[in-house]
Amino acid sequence: AYEDFVERFGLRPGKTVMVEDLARNLGPAAALGMITVWVRNAGDNQGLPSEVDVYHVVDDLVSWLNRLTAD
């Protein structure tokens, strides 16, 4: 499904960010070379799987995005 998404929208995986609150869903995006962001949540009891390549771990996505875009 990730490959189809990349192809359909003409994305460049190395320039694409995948944000997800379930860490296990980031694996396919990381395998394609996407930058991955895991938004920790109380419902994800399993935590961060060791086999998933996650570039950023955040607790508050809005605050993180604001810091990225601050002047």
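Which residues does Val 58 touch, not counting residues up to four places away in sequence? Keep that in mind as a destination, and begin by noting that what is open in the viewer is a predicted model. The mean pLDDT of the chain is 87, and 89% of its residues reach 70 or more. Among the elements of the chain, H1 has the highest mean pLDDT, at 94, while E3 has the lowest, at 90.

**First stop: the sheet**

Select strands E1, E2 and E3, and you will see an open sheet of three strands in the order E1-E2-E3, with parallel pairing. Strand E1, which covers 17-20, and strand E3, which covers 56-58, are the edge strands, each of them pairing on one side only. From one strand to the next, the twist averages 20°.

Now restrict the selection to E1 and to strand E2, residues 35-39, which run parallel and are joined by four bridges. To find one place where they meet, pick Met 18, whose bridge partner in E2 is Thr 36. Moving across to the other pair, E2 and E3 are joined in the parallel sense over three bridges, and here you can pick Trp 38, whose bridge partner in E3 is Val 57.

**Second stop: Thr 36 in strand E2**

Is Thr 36 buried or exposed? With a relative accessible area of 0%, Thr 36 is buried, and its place is in strand E2, a strand that is mostly covered, since four of its five residues are buried. Display the surroundings of Thr 36 and, leaving aside its neighbours within four places in sequence, you will find it in contact with Met 18, Leu 26, Ala 29, Ala 30, Asp 53, Val 54, Tyr 55 and His 56.

A second threonine can be selected next: Thr 16, which is found in the loop between H1 and E1. Thr 16 counts as buried at 12% relative accessibility, and, not counting residues up to four places away in sequence, it touches Leu 11, Met 34 and Ile 35.

**Third stop: Val 58 and helix H3**

Select Val 58, which lies in strand E3 and counts as buried at 5% relative accessibility. The opening question can now be answered: apart from residues up to four places away in sequence, Val 58 touches Val 37, Trp 38, Val 39, Arg 40 and Trp 64. If you then draw a distance from the C-alpha of Val 58 to the C-alpha of Asn 41, you will find the two 9.4 Å apart in space, although they are 17 residues apart in sequence.

From here, add helix H3, residues 61-69, to the view; this helix lies across E1, E2 and E3, and it runs at about 125° to E3.

**Fourth stop: a charged pair**

Side chains of opposite charge can pair when their charged atoms come close. A search of the whole structure finds one salt bridge, and to see it you should select Arg 40 and Asp 59, whose closest N and O atoms are 2.8 Å apart. Arg 40 lies in the loop between E2 and E3, whereas Asp 59 lies in the loop between E3 and H3, so the pair ties together parts that are 19 residues apart in sequence. With the surface switched on, Arg 40 counts as partly exposed at 40% relative accessibility, while Asp 59 is exposed, with a relative accessible area of 55%.

**Last stop: two rings in helix H1**

A pair of aromatic rings is described by the distance of the centres and the angle of the planes. The structure holds one aromatic pair, which you can bring up by selecting Phe 5 and Phe 9: their ring centres are 5.0 Å apart and their planes stand at 55°, so the pair is tilted.

Why are Phe 5 and Phe 9 separated by about one helical turn? The reason is that they are four residues apart in helix H1, residues 2-9. Looking at their surroundings, Phe 5 is partly exposed, with a relative accessible area of 46%, and Phe 9 also counts as partly exposed, at 48% relative accessibility.

Terms used:
Residues numbered from 1 in each chain as written. Predicted model: local features only at pLDDT ≥ 70, side-chain atom pairs only at ≥ 80, totals over all residues. Heavy atoms only, no water. Pairing = 2+ DSSP bridges. Helix = DSSP H or I, 4+ residues; strand = E, 2+ residues; numbered from the N terminus. Axes fitted to C-alpha atoms, helices over the stretch in contact; angles between N-to-C directions. Contact = heavy atoms within 4.5 Å. Salt bridge = Lys/Arg side-chain N within 4 Å of Asp/Glu carboxyl O. Buried < 20%, exposed > 50% of the residue type's maximum accessible area, 1.4 Å probe, protein only. Phe/Tyr/Trp six-rings, centres within 6.5 Å; stacked < 30°, edge-to-face > 60°. pLDDT = per-residue confidence, 0-100.
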